[in-house]
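The following exchange examines how several structural labels are justified. Each answer sets a computed value against the relevant cut-off.

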Amino acid sequence: MSFNTFGHLFRFTTFGESHGPALGCVVDGCPPRIPLEATEIQAHLDKRRPGQSRFTTQRREPDEVKILSGVMRDEASGAQVTTGTPIALLIENVDQRSKDYSEIKDVYRPGHADFTYDVKYGLRDYRGGGRSSARETAARVAAGAVARKVVPGMIVRAALIQIGPHKINRSRWNWDHVAQSPFFSPDAAMDEVWTGFLDAARKSGSSAGAVVEVVAENVPPGLGAPVYGKFDADLAGALMGINAVKGVEIGAGFAAAAYSGEDNSDEIRMGNDGRPRFLSNHAGGVLGGISTGQPVVARFAVKPTSSILNPRRTVNRYGEETEIVTKGRHDPCVGIRAVPIGEAMVACVLADHYLRHRGQVGDGPTWPFSR
């Protein structure tokens, strides 16, 4: 299997399987002398860690990260800093139950990558899906924690804005509640609604989809390169590459199709700081594939969990028709734990484009008004 590496200048390669002894990543291209402790990475992994509520898989994984290379203690400050060499991060698997999948080792689960992996490689890892499992995304979150340190002042946050048909009320958006909510919800009133909805889905043996919104603030203007290195194109690809994601939009996204030209245009005035100030952000912080300096806003849709208890019609690898019931420990809504994964992928794209921009035009953008 190829294509396990993401990025250009800021790159990471993930390795490992859902039911192997460990998984992890090697981050390459991180600049030197950036303070980095394992606890900083762990804080983001803990957000993605399974078994934290009844609405996520009950697989018990501590997801404790170990930094194997690429850091050392700075003698002057005493802080652990990056050295500029590859940073190897390891996360051990401790709670695999491969026997849960023995009954379906020759049967293709509808909605999963079983059939496509088999038709491409001639084999598949039936133990939790192997590399196609969302377990692999723990390594992406670890890489994202490193990426957050690359762009000065950058803040990347995400929230769940819809589960099934139930959407948040944006007038009640509260970032502080996201950390307290079992759903990463910015709308406190939706916790009770989503609890009842997912409890009903679980009891019926089914699952639900979700929509996640990611917002990146303090993004420098000028990131991205037309024509084939557009920032929003890479951002869409990064989010689309997350397991179970079936749709991505930037800014107003599909809603822009219903706007008039006047409604959709983000008008510009001069701010008190002598720089342009946009009056709206339908573009999601990107114009012509280049960041504007506004918050970067992206959303992605996550399909319902494919592993459900209700019988589904399928075939096995011998061409025989059958039915399947997927047992084991699964999220009733995989969109919940996709929140920190979305943050990580946006952070990695930003770090990569930041370094690419710096390599081409220097340390920062040139404001035309200062020439």
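Q: Why is G237 called partly exposed?
A: In this predicted model, the relative accessible area of G237 is 45%. Partly exposed lies between the buried limit, under 20%, and the exposed limit, over 50%, so G237 is partly exposed. G237 belongs to helix α6, residues 231-240. Its C-alpha is 8.6 Å from that of V248, a residue 11 places apart from G237 in sequence.

Q: Why does Q42 count as buried?
A: The relative accessibility of Q42 is 14%. Because buried means under 20%, Q42 meets the criterion. Q42 lies in helix α1, residues 38-48. Beyond neighbours within four places in sequence, Q42 contacts P62, D63, E64 and V65.

Q: What puts the buried residues of α1 on the same side of the helix?
A: The buried residues of α1 are I41, Q42, H44, L45 and R48. They span an arc of only 165° around the axis, and therefore lie on the same side of α1. Among the elements covering them are β4 (65-67), β7 (87-92), α3 (137-147) and α8 (338-361).

Q: How do you know that C25 is not in a disulfide with C348?
A: The closest cysteine sulfur to that of C25 is in C348, at 8.4 Å. A disulfide requires sulfur atoms within 2.5 Å, so this pair is too far apart for a bond. The count by this rule is 0 disulfides.

Q: What makes C25 and C333 buried?
A: C25 has a relative accessible area of 0%, and the value for C333 is 0%. Buried means under 20%, so C25 and C333 are buried.

Methods
Residues numbered from 1 in each chain as written. Predicted model: local features only at pLDDT ≥ 70, side-chain atom pairs only at ≥ 80, totals over all residues. Heavy atoms only, no water. Helix = DSSP H or I, 4+ residues; strand = E, 2+ residues; numbered from the N terminus. Buried < 20%, exposed > 50% of the residue type's maximum accessible area, 1.4 Å probe, protein only. Contact = heavy atoms within 4.5 Å. Arc of directions from axis to C-beta.
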